[in-house]
Amino acid sequence: MHPRIPLLRSPSLLLCILLLASCAVAYKPLSDSFLRAIPAPGTEFDIDNTTGLLAPLLIPRVPGTPGQIAAQRHLVDYFQRELPKWSITWQNSTQKTPTSKGKKLPFANLIIRREPPWVQPGQANFLTLVAHYDSKLKPDGFIGATDSAAPCAMLMWAAKVVDSYAQQMYDEMSALGEGGTVEMDMGIQILFLDGEEAFDTWTDTDSLYGSRSLSNFWVNSPNPPSQKFYKYVTPLSQISLFMLLDLLGSSSPSVPSYYTTTHWAYRAFSAVESRMRSLNLLESSNSMRFLPDVNKTMAFGGISDDHLPFIWRGVETLHVIPQPFPRVWHTEDDDGAHLDMKVVRDWARIVAGFMLEWLDMMEGFLSCLACIMVTIDLAVEASHVIFEREVIGAVTEWTSTTQGSAIDIPTRWGSQDDSAAKLGAALCDRSAATISFSINDYDEEELRELVKLIHCPSPVFQRTFKGLIGLTAHSARPATLTDETPTPLIGPTSPPSPMPQVNR
């Protein structure tokens, strides 16, 4: 840059139902518990950890040199070894540079995708996360830790965090016969771009070699015809948001919101950071805000970077690059020793949180946090329900996040002596291994309260409860979850207003 399927165990005895929550089409904030569940990176970013994510990238990575090949091998080996369900493809080109003396240098863009298993080529929409993996030719030995070894490592780590949740979401959607719509077929695409840096002086032709090549290749590569061809004509059309990370890893970063059409995404990204800080999940000082520009008053202009060939073709961009640039920018000091490791680890967790929110994991909160089982015993005369231990915490969390208050059934349902109040007290007792009750102990009004309490949006669970106790299927759903008025996932599509460019 330059400035939820039912499982039968003997039909006469048990009906075991997975609480499978449907994937939504609305951007929904993660719960506090979900944010807490995002792991810390540990030693993955330690600069002396040669088997970690970052250290192998802290070498010169100039196109056409052994360092470029070593960086490529590190990226590919990681995804093949740790994330085998992500597809890996290359987009290659050769181009002359001002310093190559007429020789064409190789540039190789790495495209890594995790998409729903049922989609055909060209049918998924992608949150696209981007960083360049090359480094500058000069000064000699330049490493580019912030520029952009650290952002590449952040994306590698975030992909692993998201992977298991994405798999569960796809499994649940398949089980419920969902998917197959433009909004719901969501995937993750990571682009590790080559040749971002200028070889001599930054110009329109001596810079962005990889991103110019990839965007031109995609705009001229029509997707196969399908029922969605009108929506995703080319791979560029499949990008719901192009999120570019650059110059990250130095102390006290301040990233403004650069584009009006994606300010909504910036605010959501900023909210993830703010909530993580309020929960004391980040290591850097809570007085520091990486993403403070919620009112969009800070950016004085755009920055020339890998997003430009895409934004020129109408792709919505969230540019995550600080202003001012780090003091080590394009100097020999942009190395591992000058990284602020607390900041590096914090960026990784914030990015992972944003990715999970984008995939709308909160709609599947109950099943994403744990494989929660509700066992309904049909053997006894009165249908008997047992809540396994995991559901207790999930019920409490779901209620507190959707209603803004903790469970208080005893107060709501009467004295401590009646059966409903005892059930409420049991639900609040986190030391209990299981909770059981007989449906015949409660009248219809109390049962409706119980189903509202559970707040399970799973159609499987709703249909089963409807059959057992005659309740309306939708009584289990929070009022904020409606099928009729989903919030669009994909942001505005109007072209961004022109902004003065600062060359990297």
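Two strands count as paired here if DSSP finds at least two bridges between them. By that rule, strands β4 (residues 104–114) and β6 (residues 186–193) are partners, as 5 bridges join them and they run antiparallel. Please keep in mind that this is a predicted model. The protein has 504 residues, and 58% of them count as buried. Its secondary structure includes 13 helices and 13 strands, and its accessible surface comes to about 19900 Å², with 53% of that belonging to carbon and sulfur atoms.

**The open sheet**

- Let's begin with a sheet of 6 strands, which is open, has mixed pairing and follows the order β3-β4-β6-β5-β7-β9.
- At its edges lie β3 (87–96) and β9 (317–320), each of which pairs on one side only.
- On average, neighbouring strands of this sheet are turned by 20° against each other, direction ignored.
- Where β4 meets β6, Leu 110 has Phe 192 in β6 as its bridge partner.

**Strand β5 and its neighbours**

- How many residues of strand β5 (residues 125–132) are buried? The count is 8 of 8, so the strand is largely enclosed by the rest of the structure.
- In a regular strand, side chains alternate between the two faces of the sheet.
- In β5, Asn 125, Leu 127, Leu 129 and Ala 131 point one way, while Phe 126, Thr 128, Val 130 and His 132 point the other way, and all are buried.
- Toward β6, β5 runs parallel and is joined by 8 bridges; Asn 125 has Met 186 in β6 as its bridge partner.
- Toward β7, β5 also runs parallel, here with 5 bridges, and Phe 126 finds its bridge partner in Ile 239 of β7.
- Together with helix α3 (residues 145–175), β5 and β6 make a right-handed β-α-β unit.

**Helix α5**

- Helix α5 (residues 263–278) offers a handy geometry check: its 16 residues, at 1.5 Å a residue, should span 22 Å, and the end C-alpha atoms are 22 Å apart, which agrees.
- The buried residues of α5 are His 263, Ala 265, Tyr 266, Ala 268, Phe 269, Ser 270, Val 272, Glu 273, Met 276 and Arg 277.
- What do these buried residues of α5 pack against? Their contacts are with α1 (32–37), β7 (239–245), β9 and α7 (341–358).
- After α5 comes Asn 280, which has a positive phi, near 55°.

Key
Residues numbered from 1 in each chain as written. Predicted model: local features only at pLDDT ≥ 70, side-chain atom pairs only at ≥ 80, totals over all residues. Heavy atoms only, no water. Helix = DSSP H or I, 4+ residues; strand = E, 2+ residues; numbered from the N terminus. Buried < 20%, exposed > 50% of the residue type's maximum accessible area, 1.4 Å probe, protein only. Areas by Shrake-Rupley, 256 points an atom, 1.4 Å probe, with all protein chains shown as cover. Axes fitted to C-alpha atoms, helices over the stretch in contact; angles between N-to-C directions. Expected span 1.5 Å × (residues − 1). Contact = heavy atoms within 4.5 Å. Right-handed = clockwise from strand over helix to strand, strands pointing away.
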